[in-house]
Amino acid sequence: MPMREQLVEQLDPDGTVLLTVECQNGVVGADSALPELATEARSSGVLARIARLVAGAHEAGVQVLHAVAERRPDGRGSNHNARLFRAALRLPVQQHPGTEAVRVAAPIEVTDEDIVVRRLHGLSPIAGTDVDALLRNLGCSTLVVTGVSANVAIPNAVFDAVNLGYRAVVPADAIAGVPAEYTPAMVRNTLALVATVTTTDDVLACWKRPKRVTPA
């Protein structure tokens, strides 16, 4: 874990954005297309901790972005070049635009100030989307990455953030993948090499600290 003051500096609300990845009904909801992943995200408390982080971000004035994966019914613009994409076509729940499947899942609260970014292609919530431009316009220097899955989208998001020059912070108890034991191994052996790994409680504690007052 990072030193306390280092984490406080990295998570300054003025330069921090919280990103939730694929926390949508069709992925982590009760009627998920991926029930094993949804069960892990819920039973482990990950989804509840993401909701706490989002609520804490709203209270602290930290910008929240929700990255949602979609696929048009006709498949136009979507990838077909990997087994994962072909398997997704056979799932009982499809992530079609405008459906309940692509709404951010409870108990995460989406406010008017949040930004929802939708993508029709690829594996990353950042590459090939508006996220990078939005982060730069928001003055972001640190991106807090949460959500699913630790197998694919989360490492993609972290690598893309680092490659684009942002500091990545990962609350390890606010991401989920399958099987359950894969996530801590991936965090320890991969994400810890490029991101600041911390916990939900530590992030929230940093955001609850009183702001420093600059002497007149």
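## Exercises on helix packing and cores

The axes of α4 and α9 approach to within 10 Å and cross at roughly 10 degrees. The model is predicted: local features need pLDDT of at least 70, side-chain atom pairs count only at pLDDT 80 or more, and totals for chains, interfaces and linings use all residues. Residues are numbered from 1 along each chain as its sequence is written, and side-chain values use heavy atoms, with hydrogens and water left out.

**Exercise 1.** Classify the mutual orientation of α4 and α9, and list the residues through which they meet.

*Solution.* Step 1. Two packed helices are described by the angle between their axes and the distance between the axes. Axes are lines fitted to C-alpha atoms, for helices over the stretch in contact, and angles run from 0 to 180 degrees between N-to-C directions. Helices (H or I, at least four residues) and strands (E, at least two) are DSSP runs, numbered from the N terminus.

Step 2. Angles under 35 degrees count as roughly parallel, over 145 as roughly antiparallel, 65 to 115 as roughly perpendicular and the rest as oblique. The helices α4 and α9 are therefore roughly parallel to each other.

Step 3. Contact means heavy atoms within 4.5 Å. On the α4 side, Arg49, Arg52, Leu53, Gly56, Ala57 and Ala60 meet Thr200, Asp201, Val203, Leu204 and Trp207 of α9. By class, this contact of α4 with α9 has six nonpolar, two polar and three charged residues; Ala, Val, Leu, Ile, Met, Phe, Trp, Tyr, Cys and Pro count as nonpolar, Asp, Glu, Lys and Arg as charged, and the others, Gly among them, as polar.

**Exercise 2.** Determine how the buried residues of α9 are placed around its axis, and what they pack against.

*Solution.* Step 1. Buried means under 20% relative accessible area, exposed over 50%, partly exposed in between (1.4 Å probe, protein chains only). In α9 (residues 200–208), the buried residues are Thr200, Val203, Leu204, Cys206 and Trp207.

Step 2. These residues lie on the same side of α9, because they cover an arc of only 155 degrees around the axis. The arc is that of the directions from the helix axis to the C-beta atoms.

Step 3. Their packing partners are α1 (4–10), β1 (16–21), α4 (46–60), β4 (142–148), β5 (167–171) and β7 (196–198).

**Exercise 3.** Describe the largest nonpolar core and the surroundings of Leu11.

*Solution.* Step 1. A nonpolar core is a set of buried Ala, Val, Leu, Ile, Met, Phe, Trp, Tyr and Cys residues joined through side-chain atoms within 4.5 Å. The largest has 33 residues, and Leu11, Leu18, Ile108 and Trp207 have the most contacts inside it.

Step 2. Elements giving two or more residues to this core include α1, α3 (35–43), α4 and α9. Its largest share, eight residues, comes from α4.

Step 3. Not counting residues up to four places away in sequence, Leu11 touches Thr16, Thr142, Val144, Val169, Val203, Cys206 and Trp207.

**Exercise 4.** Contrast the burial of Gln10 and Gly98.

*Solution.* Step 1. Gln10 is found in helix α1 and is buried, with a relative accessible area of 9%.

Step 2. Beyond its neighbours within four places in sequence, Gln10 is in contact with Thr16, Thr142, Arg167, Val169 and Thr196. Gln10 and Val169 are 159 residues apart in sequence, and their C-alpha atoms are 8.4 Å apart.

Step 3. Gly98 sits in the loop between α5 (83–88) and β3 (115–119). With a relative accessible area of 80%, Gly98 is exposed.
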